[in-house]
Amino acid sequence: MTGQSISSSLVERRTFPAPSAAKLGVGRFHVESLADYHRLHARSIADPAGFWGEEAAKLSWFKRWDRVLDWQAPDARWFVGGTLNACYNCVDRHVQDGHGEQVAIVWEGEPLSPRTHHPAPDSRYAHEPELRTLTYRDLQQQTSRAANALRAMGVKKGDVVTIYMPMVPELAVAILACVRIGAAHSVIFGGFAPHAISERVMDAHSRVIITADGGYRRGDIVPLLKNVQEALEQTANHGHIVNHVLCLKRTAHQAPSQRFSTGDHLGATVMHWWHDVVDSASDACPCVEMDSEDMLFLLYTSGSTGKPKGILHTTGGYLTYVNMTARLTFNLMPDSGQLFWCSADIGWVTGHSYVLYGPLMNRVPTLMYEGAPNFPTMENGRGDRFWSIIARHRVTHFYTAPTAIRTFMKWGDDLPARHDMSSLRILGSVGEPINPEAWMWFHEHIGRAKCPIVDTYWQTETGGHVCTPLPGAIATKPGSCTVPMLGIDAAIVNEQGQELGPNQGGLFCIRKPWPGMLRGVYGNRERFISNYWGRLKDPHTGEPWYFSADGARRDEDGYFWIQGRIDDVIKVSGHLLGTMEVESALVSHPAVAEAAVVGVPHEIKGSAICAFVTLKPAWLSRNGRAPDDALRKELGEHVVREVGALARPEQVRFAEGLPKTRSGKIMRRLLRDVAAGVEKITQDTTTLEDFSVVAKLRTDDE
């Protein structure tokens, strides 16, 4: 997708002006007008040292930096010579400034139901309430205890500690305890299987794992400790020994006779219960002074080939960037009654940046929840737990994924209508481009047509938002991530690095360094260069540019429209079509809940379009329809009207569900294999949430 005009009449014309602070019911905006944005952005690009120096000064430093940036492309060193600590900036400085009794974390566990296994009577957590709150003083004391327990296990500055836990407050405590003593964390999402755990533990050279006996998910118990034990057997078979496992007693689903006692050995690994070694530890533990470029965390991402990549982020740059992007994108302000809820799991980068670090640094309480949106209250598979959480806790900011929004659309308008969500001020979308129709539903039924939607574009590798509207300054268009974040020099270019004109499809790149950028792929320099810096260069200087691997266009107003991974672009009869525009057309049909589009080989066209579609049962029932050839034809004609004849799907295949990662992204590479009739799936499926979805698609095909 390099320089050809977008083959589409599906150009979004609806524009929603940025609301005034008075109309939205907020005191003020950090960026109050489009003119303010343009002035600040221009300055951030022209004077990066001055701009980023001012942003870094909003953090607490033990030692101020000597230089803002050393840049030897593609290697950056930000705030050279400065020292600080992430836990200090999230917790201790607030306590020292007199805010220790303010709420830092609001937690809601999965509600118990008759299906849910209740903890055994001897568990100290057996009768914990469903709701818990932690103040900054609580966090200071608990992170200190956990840090001292880790030190007793030999954890020291520079070590990598693997964390594999459910969404409970102790997960936040574990992360902050690591960085308190200078250890990096490598968080693994609690849905991963033993093989994925062992791969990540060995790559990170972790000698300590923090986990829980189990976690709750839709009334069932996820056997986290069992998965860790299986992973330990695999790592031992490869010669890697984990010295210690620290385990939180969360579900206590095993009988007492089957449980370990602190100090027991599993092979060469010593097992410890959290309540034995953390709760009894001292709550005095100073924060370790860290160089700005010391590793803060690893976070592993999966590609279509090869083992997972350990994305490396460092302390000063990441904290500076996330502090700023959280503050500006969501207009965060302490002492203003805000409650921020990002529904992501902390096992993903969204959870790192905008459940944990961003809100805590800005001293705005953050809500964590455990479980699923349709449990335990369900009506034919539908659930209203999210809307209940917003109403009961008076959430002001709600940040979630397009996949979730499309699911909520499918469940119906009546569920959110039952709840008072008038507390909401700002909505956010994250994870993939959002279809315009899903955007409009979110705007009308959740935001009550008054809340601005910040449609954020970014990646694990960028650390924080790189394109997003700022709620008081930027008018929004459904489906567009709008404009670059301050400090981001984003462009749409062709393969030669030449910037393209309006509405020409090209490659999304960032031409200048920014503090939140990844510093490497852990232990794999070649992969760092080839994946991110090897494709695009400045045509004048030859300096490499960061390439996101996404195709995009920029419209006549300068707004960015992300069209998907470049390997998701389909070339039909010589014309390039982004999957996003065809999917958006399908989802705009009233029968369609969700759609995924892939290319399949075609002897005449080169590639043809195959669309996988899930339908709204309520629409089919209301209209007396069935998923038949007539509906296939109707959907094809609908795409032709919205996009053009080239975009007509060669195949429309109805599906009960689509294969998704555990973070909710559709795995189109698996759908390509299904559409092409590949007999055996050989791709990495460690991030796949439910393999039975793929099996069902293949069965339907046969």
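Display the chain as a cartoon: 21 helices and 31 strands appear, where helices (H or I, at least four residues) and strands (E, at least two) are DSSP runs numbered from the N terminus. This is a predicted model, in which local features need pLDDT of at least 70 and side-chain atom pairs count only at pLDDT 80 or more, while totals for chains, interfaces and linings use all residues. Residues are numbered from 1 along each chain as its sequence is written, and side-chain values use heavy atoms, with hydrogens and water left out.

**The whole chain**

Zoom out to view the full model. The C-alpha atoms fill a box of roughly 70 × 60 × 55 Å along the principal axes. Of the 702 residues, 63% are buried, meaning under 20% relative accessible area, against over 50% for exposed and in between for partly exposed (1.4 Å probe, protein chains only).

Next, colour by pLDDT, the predictor's confidence in each residue from 0 to 100. The chain has a mean of 90, and 91% of its residues reach 70 or more. Over residues 1–10, however, the pLDDT is below 50. Residues 114–129 also stay under 50.

**The nonpolar cores**

Select L150, I163, Y357 and F508. Within the largest nonpolar core, of 143 residues, these touch the most other members. Such a core is a set of buried Ala, Val, Leu, Ile, Met, Phe, Trp, Tyr and Cys residues joined through side-chain atoms within 4.5 Å. Now add helix 6 (residues 169–180), which gives the most to this core, with nine residues. Another core, of 29 residues, lies apart from the largest one; V106, V395, A404 and C451 are among its members.

**Helix 11**

Select residues 349–361, which form helix 11. Because 13 of its 13 residues are buried, this helix is largely enclosed by the rest of the structure. Continue to R363, just after helix 11, where phi is positive, at about 55°.

**T320 in helix 10**

Finally, select T320, which belongs to helix 10 (residues 315–329). Is T320 buried or exposed? T320 is buried, with a relative accessible area of 1%. Show its side chain: one of its polar atoms lies 2.8 Å from the backbone oxygen of G316. An α-helix has 3.6 residues a turn, so residues three or four places apart point the same way. Then show W52, E55, A56, L59, W61 and F79, with which T320 is in contact (heavy atoms within 4.5 Å), leaving aside its neighbours within four places in sequence.

Technical notes. Polar contact = N/O pair within 3.5 Å; in protein donor to acceptor, adjacent residues only side chain to side chain.
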